[in-house]
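Please open the model in your viewer and keep the selection panel at hand. The stops below are meant to be visited in order.

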Amino acid sequence: MNYNFRQIEAKWQQYWTKNQTFKVENDSDKPKFYALSMFPYPSGAGLHVGHPLGYIACDIYARYKRHKGYNVLHPMGYDSFGLPAEQYAIQTGQHPAITTETNIKRYREQLDQLGFSFDWSREVRTSNPRYYKWTQWVFIQLFNSWYNNQTDKAEPIESLIAIFEKEGNRSVNASCDDDTPVFLASEWNSFSEKQKQQVLLKYRLTYLADAEVNWCPALGTVLANDEIVNGVSERGGHPVIRKKMTQWMMRITAYAQRLLDGLDTIDWPQPLKDSQTNWIGRSEGASATFKVIPTGRNDEGSHQIEVFTTRPDTIFGASFMTLAPEHELVAKITTPAQKSEIDAYVEATSKRSERERMADVKTISGAFTGAYAEHPFTKAPIPIWIGDYVLANYGTGAVMAVPCGDQRDYDFAKHFDIDIPNIFDGVDISEEAFADKVNTLIANSDFLNGLRHKEATRKVIDELEKIGQGQGKINYRLRDAVFSRQRYWGEPFPVYYDADGMPQIIAEGHLPLELPEVEKYLPTETGEPPLGNATHWAWNAEANKVVANELIDHKTVFPLELNTMPGWAGSSQYFNRYMDPHNAAAIYSQEAIDYWQDVDLYIGGSEHATGHLLYSRFWQKFLFDRGVAPKDEFAKKLINQGMITGTSAFVYKDVAQNKVYSKALINGKHVNPIHADVSLIDSSDELDVEAFKKWRPDLSKAEFILENGKYIVGREIEKMSKSKYNVVNPDQICEDYGADSLRLYEMFLGPLEQSKPWNTAGITGVHSFLKKLWKLYLAVDDSEPTPDNLKTLHKTIKKVEEDIEHFSFNTSVSTFMICVNELTAQKCTSKAILGPLAILVSPYAPHIAEELWEIMGHTGSIANVSFPQLEGKYLVESTKAYPISFNGKMRFKLELPLDMAKADIEAAVMAHEQTAKYLDGRTPKKVIVVPGKIVNVVG
RNA sequence: GCCGAAGUGGCGGAAUUGGUAGACGCGCUGGAUUCAAAAUCCAGUGGUAGCAAUACCGUGUGGGUUCGAUUCCCACCUUCGGUACCA
């Protein structure tokens, strides 16, 4: 009987579905384990072999935990809102929901084929109204919350209103907009409803703001910082410009410190933690206020410039100030004489795209405002410049420039011939700035003279506080996140605008607010987002339902928000929703989350480091503050699977003639490498020339110059992508070798976290392993196992268990191969050995394991059988083949009892005939004996 | 520039606390089987020299610590990922 993987795999996949083998309940006497793979965006291209890598690893671990007696939650779903379906809708008019549905179906087929132990009854789709109802619900909770810095957590907005009514906002320490005015209780109480709402927006955790946003004209939408790579959009690579727009924002900055602190409590990869740390960008320093010296302009009040600096100790070295060109004071302080120069400069920078600005970092530019600020201590006038090296959205958008201590300030000063006072003792600054904090003392700095960096910093902050012109401050690079997108295929905001134009929330009971139908998926002619095309998109606040736009009267019927939520909204809570996915009354029940708590193992790509994984942590902490989630970190352990890269193939076309050379023949010739589809190449890099000619008709007339009668292609490792013709999808491999072979092979390729090239050639190795495994069971019987059999089995149990616990799946595949090779050599037929072996293999190759289990006479799935117990007694050795080395070089082996004493080992080695040979008459200086390990003779 | 990861045979990789470098698999070479091929099985396979026993070299490079270093320390080189005028 041959190993008929097609029949076996189909049989067990049907069995698992029919018997709901992997359906999991929310209550159990067993301990819980939550294993989660990041859910995919269902793209039209389907899965390629790189996608399942993390899923397979996670599935192995989930199945292992099931064997170990855990109640395992292992769900899967789809992040099904997103740009590609919408772009397709724009091109073809097909509703994104239809495209999405088709793609999901294809994904599901591909996933089912691979034998995952997902509980599909818990599937979620972010674009399903029953799901996004709860995304909208979280938005409402954020809208109705503020961040109290005193208690360091989010609180209901009502508690803030109560404070305002009693004592105004002077005593409130909250995360709020910078321009929040100070008011008394009496003032608050006399505010109009609109004024109150405007003030509250400055405190809400999601709020409307006129923000400088990254506008992408080609995509017709704004993008978040993490959606922009190298100044162009992550998707499509379109240019991005800066634009002021009214947008929904998320006050993630309120959580900056806690997002940083939380990293210490979770077992996530250090590189991922590092990139979150850098993204949050905490820096410690001081804020200082510089008064602008009045110049007698009649429209000029008293202005002051606030700066943030990490080097307050260098304040006496400040010889100028630089404002960002966008800084609001620029227009107010510029002198008439300098106005035209400043205007021209501001105009020029606003036109430069972010990309241009980044492309030439080297060019120094700026302009003088004509105004001066007063140094807080020396009272000396300091010229105020503007320059685009100062960023409007970092710190205060203004810099106290200390050219002797900061290279950019130094370059700017040199370029514009500004004074560079030296405040470092014994340091030469004639060539460059001195940024070292440690190896100098402060000089020429009044009360700071002779102090080190640390003392000077402390002292200057004290002095700034005394004169009321500054204090110690911690600054973060992290910005509040733009939460509006001018797209159709996303979650609608549960928001309408009242007669005052203030946002009003649709009550929870009326959710979900479902996406309206539109004729076109493009922005409207007036530049409004695609929802502006909907004719039925107004809110009747009495009937609490969506009605036609023409009924808008701003009394009972109001316009609805036209923006939709960004891609990361739906993925920021999905892991909790899996715990209770069909709950219509709540995001999840208290019992469900009390039972499952959090994710024990989360596997996914590192590209989500500063997007999904940061936003999710933010929402989780918020829900924790509001008592909705029991843990303030959602995933205890996270693993980034590496990328599987493609092995591209190249043919080499002569530039001048219509000749294509085999790889070894290109030396000295001027050739163009051309991608060849990898499906046309065999395992020894030989090209099927005829098939290639059919595939590239333009080269069908070309002469192919062969080596040894073969055309050999060149190979190169590149990212797997359609355009490089190096994509390998799992379907063909499942067809040729089966899912179990694919699963084993993906694991066998190398360590999970590392990126590695895909090369189909090696799959025959794991496939023949499965065939050998299968053969072992052909004559399975009840014979007594031999000591060798038992030793092989228990050695394997030990290693495989250790490997799974360490996520070292590649080495356990090797271990299985060694085990099967040994048992085959031992002619083992014993059920007492082969039974446990089938269980060991089952997390990796579940289909064949089920079949073998059945062959051995068991009924029911192997998935719930206990993992074999390691019995150390079978592994006990009485002797050891000691490697005997001379000066660190192993020369021969000597079999000695393991319980032999050190001195006896040494004596046995010295007495050995080979020892005399290697010593060659010398007397050893020393003999190192490590019992159980090694003997080293020195001398 | 800064942060991070990684450099081991022809290839993917192994060596879990400093103790036999190259497990396992691919590929390759030779052989068995076959009319032939596929499949399967057996043997060999880091490099150099040698018929061989064996010797020397060998984990990116150069130093160091150690009886002993792929593993620890210092300096450097290369590749990949992230980030970028962050005050």
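The tour begins at the RNA and ends at a helix.

This is a predicted model, in which local features need pLDDT of at least 70 and side-chain atom pairs count only at pLDDT 80 or more, while totals for chains, interfaces and linings use all residues. Residues are numbered from 1 along each chain as its sequence is written, chains are lettered from A and ligands numbered from 1 in the order in which they are written, and side-chain values use heavy atoms, with hydrogens and water left out.

Select RNA strand B and the residues near it (a heavy atom within 4 Å): there are 49, and the closest are Thr310, Tyr394, Arg408, Leu749 and Lys799. Of the strand's atoms that come within 4 Å of the protein, sugar and phosphate make up 59%.

Colour this surface by class, and 21 nonpolar, 13 polar and 15 charged residues appear; here Ala, Val, Leu, Ile, Met, Phe, Trp, Tyr, Cys and Pro count as nonpolar, Asp, Glu, Lys and Arg as charged, and the others, Gly among them, as polar.

Next, look for polar contacts to the strand (N or O atoms within 3.5 Å). At Thr310, a polar backbone atom is 2.4 Å from a sugar or linking oxygen, and at Tyr389 a backbone N or O atom lies 3.1 Å from a sugar or linking oxygen. For a contact to a base, select Ser814, where a side-chain N or O atom is 3.4 Å from a base nitrogen.

Finally, move to Asn103 in helix α4 (residues 96-113), helices being DSSP runs of H or I with at least four residues. Asn103 counts as buried because its relative accessibility is 13%, under the 20% limit (1.4 Å probe, protein chains only).

Definitions and conventions:
Polar contact = N/O pair within 3.5 Å; in protein donor to acceptor, adjacent residues only side chain to side chain. Helix = DSSP H or I, 4+ residues; strand = E, 2+ residues; numbered from the N terminus. Buried < 20%, exposed > 50% of the residue type's maximum accessible area, 1.4 Å probe, protein only.
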